[in-house]
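This report covers the fold, the aromatic contacts and the charged side chains of one protein. The sequence and the model come first.

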Amino acid sequence: MAAALAGCASPPRRPAKPDQGYWSGRLGLQVHDDPPQSISAAFELRGSPEQGELSLFTPLGGTAAILSWAAGTALLREQGKEPRRFPSIDALIAEVLGAPVPLAALFDWLAGRATMVPGWTADLSRQGRLHARRTEPLPAADLRIVLETP
């Protein structure tokens, strides 16, 4: 999955609209493990921590994966594969990205709210950009997001 998403990300489909629960742009996640893992993709995120959808795009603009969630269910749809169910969105994100990412905090961070998460620090100082770093538990991880602006 990481290989399919690696490389230069294509332009997202629509501009970010955080007031409507919609963001688009590019994301990169580096996991400092042995061996290190890295993922980079264009994305669209819509909804809320309780119900939503995250679409990841290949460098050529095709849909690589769609992660969707609602109360008690999480679903992964990948190009050319059967859909897979997961017990939670947290388990699904960890499977696809290679590391857990705090979804509720991610929505807050993208909206400019400095929500605290144990083991994570988020830099929201640059408008339209997010850098969040996980130091605990190991392995450490760096999440970088650049939003497309209207």
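Rings of Phe, Tyr and Trp, with the six-membered ring taken for Trp, count as a pair if their centres lie within 6.5 Å. Under this criterion Trp23, Trp69 and Phe107 form one aromatic cluster. The model is a predicted one.

**Overall architecture**

The secondary structure comes to three helices and nine strands. Read from the N terminus, the order of elements is α-β-β-β-β-β-β-α-α-β-β-β. The protein has 150 residues, and buried residues make up 41% of them.

**Aromatic contacts**

There are three aromatic pairs in the structure. One of them joins Trp23 and Phe107, with 5.5 Å from centre to centre and 75° between the planes. This geometry is edge-to-face, because planes over 60 degrees apart are classed that way. Trp23 belongs to strand S1 and Phe107 to helix H3 (residues 103-110), so the pair ties together parts that are 84 residues apart in sequence. Trp23 has a relative accessible area of 3% and is buried. Phe107, at 4% relative accessibility, also counts as buried.

Trp109 and Trp120 form another aromatic pair, which is tilted: the centres are 6.0 Å apart and the angle between the planes is 50°. Here Trp109 lies in helix H3 and Trp120 in strand S7 (residues 120-123), and the pair links distant parts of the chain, 11 residues apart. Are these two Trp residues buried or exposed? Both Trp109 and Trp120 are buried. Helix H3 thus holds Phe107, a partner of Trp23 in strand S1, and Trp109, a partner of Trp120 in strand S7.

**Salt bridges**

The structure holds seven salt bridges. The table lists some of them, with the N to O distance for each.

| Basic residue | Acidic residue | N to O distance |
|---|---|---|
| Arg46 | Glu53 | 3.2 Å |
| Lys81 | Glu78 | 3.9 Å |
| Arg113 | Asp108 | 2.9 Å |

Arg113, which bridges to Asp108, is partly exposed at 45% relative accessibility. Salt bridges with shared partners also join Glu44, Arg46, Glu53 and Arg77 into one network. Within this network, the side chains of Glu53 and Arg46 meet directly. Glu53 is partly exposed, with a relative accessible area of 22%, and Arg46 is likewise partly exposed, with 24%.

The bridge between Lys81 and Glu78 brings together side chains from two accessibility classes. Which of these partners is exposed? Lys81 is, at 54% relative accessibility, because the exposed class begins over 50%. Glu78, in contrast, counts as buried at 13%, because that value falls under the 20% limit for buried residues.

**Positive surface patch**

Where do Arg26, Arg126, Arg129 and Arg144 gather? These four residues come together on the surface, in a patch of positive charge. Arg26 lies in strand S1, which spans residues 22-32. With 41% relative accessibility, Arg26 counts as partly exposed. A residue enters such a patch only with over 30% relative accessible area and no salt bridge, and the 41% of Arg26 is therefore over the area limit. Strand S1 contains both Arg26, a member of the surface patch, and Trp23, which is buried.

How values were computed. Residues are numbered from 1 along each chain as its sequence is written. This is a predicted model: local features need pLDDT of at least 70, side-chain atom pairs count only at pLDDT 80 or more; totals for chains, interfaces and linings use all residues. Side-chain values use heavy atoms; hydrogens and water are left out. Patches are made of residues with over 30% relative accessible area and no salt bridge: like charges are joined within 9 Å, nonpolar side chains (Val, Leu, Ile, Met, Phe, Trp, Tyr) within 5 Å. Accessible areas come from the Shrake-Rupley method with a 1.4 Å probe; for residues, only the protein chains shown count as cover. Lys and Arg count as positive and Asp and Glu as negative; His and the chain ends are not counted. The place of a charge is taken as NZ of Lys, CZ of Arg, CG of Asp or CD of Glu. Helices (H or I, at least four residues) and strands (E, at least two) are DSSP runs, numbered from the N terminus. Buried means under 20% relative accessible area, exposed over 50%, partly exposed in between (1.4 Å probe, protein chains only). Rings of Phe, Tyr and Trp (its six-membered ring) pair if their centres lie within 6.5 Å; planes under 30 degrees apart count as stacked, over 60 as edge-to-face and the rest as tilted.
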